[in-house]
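Subject: Structure handover

Dear colleague,

Here is the structure I said I would pass on. My notes follow below it.

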Amino acid sequence: DPQEAFAARSLLARAAQQLEAALSLDAGRGDVRGHLLDTLHERARLAERAGRDALTVQDQVDRMKLHDHSGAHLERWTAPAQLRVTSDPPGAQVTLERYVVDDGRLRADAMNVLGVTPLAPQTLPVGSYRLRFVAPGRTSVDYPILLGRAESLDVAVALPAAGAVPDGYIHVPAGRFLYGSRDIEGIRRLLNAEPIHAVETGPYLIGRDEVTWADYIAYIEAQTPEQRAEILKAALGGPAQLEARAEGGWGLSLTINTRQYTVDPGVALVYEGRAQRASAAWERLPLSGISGSDARAYLAWLDRSGRMPGARYCSEYEWERAARGADGRSFAAGDILRPEDANFDLTYGKVEGAFGPDPVGSYPHVVSPFGLRDTDGNVYELTVSPHHGGAIVLRGGAFFYAEIQARTPARVPFPASWRDTAVGLRVCATWPQHIP
């Protein structure tokens, strides 16, 4: 509970002040020093658990250093974790990367080979890591982990058979991650996010990219003439409409804020207000302007047709884990989002004629720990809440919205009947798959 956590932090702060005052009167009181060290240790632990910035945590650790003459408390604080790793089948080579802060981003450091599963227990410093499993005849799997001090963690990963994961999809194994916001209470409420806490998911598949117009055209062309007419009719009057051309192929009418773009098959959509990425192959733009029922029908077709068995909405838990990995970062690559990292309001200088989606994968230097692209912007993505009867919630930021709304834990409830050209879709699928 946020109020209880705030009350606990306040009590500990007052206790630390009083104990330091008492120690200044009699520096020889070992019992007072011990109570102070316990208090500072608990303050650091709670700050870290709440996801406070590193300086807040380090302040408590530095104060411990001043008073910890024996080094016992600092030894507790720096106690390493024990990691045990297995795979099914065994015999996978496992490599390990540690995430380090580099100019505001989290960068995977040099890769170390740990050995072949099952591994001997590994002793590792506290921190954020990514394991990679590679085995003959199996799909390679990435597995981000967050190790706490003195923790003992068992990781067991089932490796899919080679070719079992369809092209364009990523296998996310069962595991845990930090879900929610570690921002101060006012920001957390603005984001409509839960306080940060550990959550586990089962295994699933998720699209590397957002669904594109080309993907959606394939769906429409697979329908009967009657079904196709019904789908197109439902979008009439909306901000995004596909239009069959008499000479063949499809055109697109797309309304973005006050501007309307109408483009023919194979003709680029041009943003007049842009100096870079001004010309876009519209078929590679993310699908947008669909309703919740449109998305469900598309996902059901993917499953029914065998193009993506088990296709469904991503749950918020699944989306957030795939977008941020295990460590509670604010964006795919860390806690800072720069205009060159994703498509949000600052990317093109907030120029009216520059707003609009980019072709998927336009920012290849920024990917999530699992390899997803465009989770920090481009278009919002429809997901379903694990609570409230599966209500639709938007995740991931969009081209017209600010950096704060692109934060990974940010949530936007969205009525299922609404349509918006800043709203699209990423596909998840149940694993293991049931092949029709």
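I will start with one strand pair. Strand β1 (residues 81-88) runs parallel to β8, and seven bridges join the two. Helices (H or I, at least four residues) and strands (E, at least two) are DSSP runs, numbered from the N terminus. Two strands are taken to pair if DSSP finds at least two bridges between them.

Before the rest, the terms of use. This is a predicted model, in which local features need pLDDT of at least 70 and side-chain atom pairs count only at pLDDT 80 or more, while totals for chains, interfaces and linings use all residues. Residues are numbered from 1 along each chain as its sequence is written, and side-chain values use heavy atoms, with hydrogens and water left out.

**Overall**

The protein chain has nine helices and 24 strands. Its C-alpha atoms fill a box of roughly 90 × 50 × 40 Å along the principal axes. Of its 436 residues, 50% count as buried; buried means under 20% relative accessible area, exposed over 50%, and partly exposed in between (1.4 Å probe, protein chains only). The chain exposes about 19500 Å², of which carbon and sulfur atoms supply 54%. Accessible areas come from the Shrake-Rupley method with a 1.4 Å probe, and for residues only the protein chains shown count as cover.

Taking contacts (heavy atoms within 4.5 Å) between residues at least 6 apart in sequence, 65% join residues at least 24 apart. The mean positions of the 46 positive and 54 negative charges are 2 Å apart. Lys and Arg count as positive and Asp and Glu as negative, with His and the chain ends not counted; each charge is placed at NZ of Lys, CZ of Arg, CG of Asp or CD of Glu.

**The sheet with β1 and β8**

β1 and β8 belong to an open sheet of three strands, ordered β5-β1-β8, with mixed pairing. β5 (122-124) and β8 are the edges: each has a single partner strand, so one side of each is left without a neighbour in the sheet. The twist averages 30° from one strand to the next, with axes fitted as lines to C-alpha atoms (for helices over the stretch in contact) and angles running from 0 to 180 degrees between N-to-C directions.

Two bridge partners fix the register of β1 against β8: Arg84 with Asp154, and Thr86 with Ala156. Both of these β8 residues, along with Ser152 and Ala158, point to the face whose side chains are not buried. Leu153, Val155 and Val157 point to the other face and are buried.

**β2, β6 and β7**

Strand β6 (residues 127-134) has six of its eight residues buried. Strand β2 (residues 93-102) runs antiparallel to β6 and is joined to it by six bridges, with Arg132 as the partner of Thr95. β6 also pairs with strand β7 (residues 141-147), again antiparallel, over seven bridges; here Tyr129 stands opposite Ile145. The hairpin of β6 and β7 has six residues between the strands, and Gly137 in it takes a positive phi near 75°.

**Helix α9 and its sheet**

A second open sheet to look at has four strands in the order β9-β12-β24-β18, with antiparallel pairing. Its edge strands are β9 (169-172) and β18 (311-312), each pairing on one side only. Four bridges link β9 to strand β12 (residues 204-207), and Val172 is partnered by Tyr204. α9 packs on this sheet, touching β9, β12, β18 and β24 (428-430), and its direction makes about 65° with that of β12.

Nine of the nine residues of α9 (residues 316-324) are buried, so the helix is largely enclosed by the rest of the structure. The buried residues include charged ones, among them Glu316, Glu318, Glu320, Arg321 and Arg324. Gly325, with a positive phi near 75°, follows the helix.

**Backbone points to check**

- Asp88 and Pro89 are joined by a cis peptide bond, with omega about 0°; Pro89 is in the loop between β1 and β2.
- The bond from Thr117 to Pro118 is also cis, with omega near -5°; Pro118 is in the loop between β4 (112-116) and β5.
- Asn192 is not a glycine but has a positive phi, near 60°. Asn192 lies in the loop between α5 (185-190) and β11 (197-201) and is partly exposed, at 33% relative accessible area.
- Lys350 likewise has a positive phi near 60°. Lys350 is in the loop between α9 and β20 (380-384) and is exposed, at 51%.

Regards
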